[in-house]
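Please look at the structure below before reading on. The report describes a few residues, their surroundings and a patch on the surface.

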Amino acid sequence: GDVYKRQGFSLSSLNKLSDTRTSDNKSTLLHYLVQYVEQKQPDVLKWTKELNSVRHATKVQYSMLTTDLSLLKKNTVLIEKKIQSVIKAEGRSPSDIFDKIMPPMIERYKKEIDELDKLYQKVNENYIKLAEKFGENHTTTPPEGFFAMIADFIHLFKKARKEVKIQKAKAEKERKRKLQQEKKNRELERKRKQRQEQQAKGERDKEREKRRELRRKERTERRGDDDGDDGDDGGDGDKDDENGEQNVDTTDITDAITQLRSGKAFKRRRLRRQDTLRQQREKKMTQPTNLSNVFDQAKQDKSDNKRGR
């Protein structure tokens with residue numbers, strides 16, 4: 001029925017595959033076909049070599065063969081008649097050997113023409129079958145036109161393969177270039193981050209060194225203040241004797257002890273403090289004693305003993 005009708009395409013449509021282009025106008029449907037065959041069925045690519053002789057068939061004018069063969073047959077008949085008329089002619093010389101040479105020769109030519117005619121008929125029959133197999137009408141499509149369409153498609157297919165190869169080479173080159181550029185960008189980014197880290201580290205080191213220097217200055221200033229306070233304790237002994245008490249800043253003493261607990265500076269300061277306290281006690285012993293001064297002195301000694309430790 002109609003459901004089982006054959007479906008396909010004509011040979012003339014093969015050459016239109018190269019006219020169907022992609023949206024970017026860089027590739028065609030034939031390029032896609034070549035890529036598909038190379039990836040999925042690479043053995044099919046041999047068909048161009050198998051049909052390499054088709055290009056020779058396009059140079060044969062089959063209509064001329066028919067005409068030439070008919071002319072040969074017609075001329076052979078005329079020559080044969082002429083030979084017979086010459087043989088039957090009167091007045092021939094007895095030494096004439098025309099009738100011995102020409103009849104066998106014309107018979108040989110007739111056999112060759114008959115073989116050529118049979119070969120032509122066989123070629124014609126084979127072409128009819130071939131045209132029907134490819135869905136072509138042999139009456140409207142001459143053999144040279146049929147083979148020309150195949151030869152043109154072979155040329156376009158080979159050309160498309162070369163173009164695909166060039167496109168692949170360019171794509172591979174571009175891919176390698178992008179990889180190198182990405183690698184270069186990553187290296188530049190790594191160096192940039194490394195420089196930033198080094199700069200940040202340098203800034204942190206500078207800030208840390210500034211804080212250290214500030215702490216050193218603060219410690220130096222505190223030491224100078226503590227040394228000045230010690231000198232003042234020795235020079236103001238009379239004033240402390242008059243008031244009967246000594247004003248000591250507990251916070252400063254704690255900070256000084258923390259900063260100067262180890263080393264010779266702490267020892268020298270402790271010795272000076274003890275010497276100052278000793279001088280104060282000696283002076284107080286020479287003054288009149290009352291109960292209030294005794295309590296005050298005991299508190300002062302207790303506070304001084306704690307600072308001395």
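## A buried phenylalanine and its surroundings

F146 is buried, with a relative accessible area of 0%, because residues under 20% count as buried. The model is predicted. F146 is located in helix α6. Leaving aside neighbours within four places in sequence, F146 is in contact with L11, Y127, L130, A131, F134, E136 and T141. One of these, Y127, is 19 residues from F146 in sequence, and the C-alpha atoms of the two are 9.4 Å apart in space.

E136, another residue in contact with F146, belongs to the loop between α5 (98–133) and α6 (143–235). Not counting residues up to four places away in sequence, E136 touches S10, L11, A131, T141, F146 and M149. E136 is buried yet has no salt bridge. Its nearest side chain of opposite charge is that of K16, 11 Å away.

On the surface, L72, L116, L119 and V123 make a nonpolar patch of about 330 Å². Helix α5 supplies the largest share of this patch, three residues. L116, a member of the patch, is in helix α5. L116 is partly exposed, with a relative accessible area of 42%, because partly exposed covers the range between under 20% and over 50%.

The table sets out two residues by place and accessible area.

| Residue | Helix | Relative accessible area | State |
|---|---|---|---|
| F146 | α6 | 0% | buried |
| L116 | α5 | 42% | partly exposed |

Conventions. Residues are numbered from 1 along each chain as its sequence is written. This is a predicted model: local features need pLDDT of at least 70, side-chain atom pairs count only at pLDDT 80 or more; totals for chains, interfaces and linings use all residues. Side-chain values use heavy atoms; hydrogens and water are left out. Helices (H or I, at least four residues) and strands (E, at least two) are DSSP runs, numbered from the N terminus. Buried means under 20% relative accessible area, exposed over 50%, partly exposed in between (1.4 Å probe, protein chains only). Lys and Arg count as positive and Asp and Glu as negative; His and the chain ends are not counted. A salt bridge is a side-chain nitrogen of Lys or Arg within 4 Å of a carboxyl oxygen of Asp or Glu. Contact means heavy atoms within 4.5 Å. Patches are made of residues with over 30% relative accessible area and no salt bridge: like charges are joined within 9 Å, nonpolar side chains (Val, Leu, Ile, Met, Phe, Trp, Tyr) within 5 Å. Accessible areas come from the Shrake-Rupley method with a 1.4 Å probe; for residues, only the protein chains shown count as cover.
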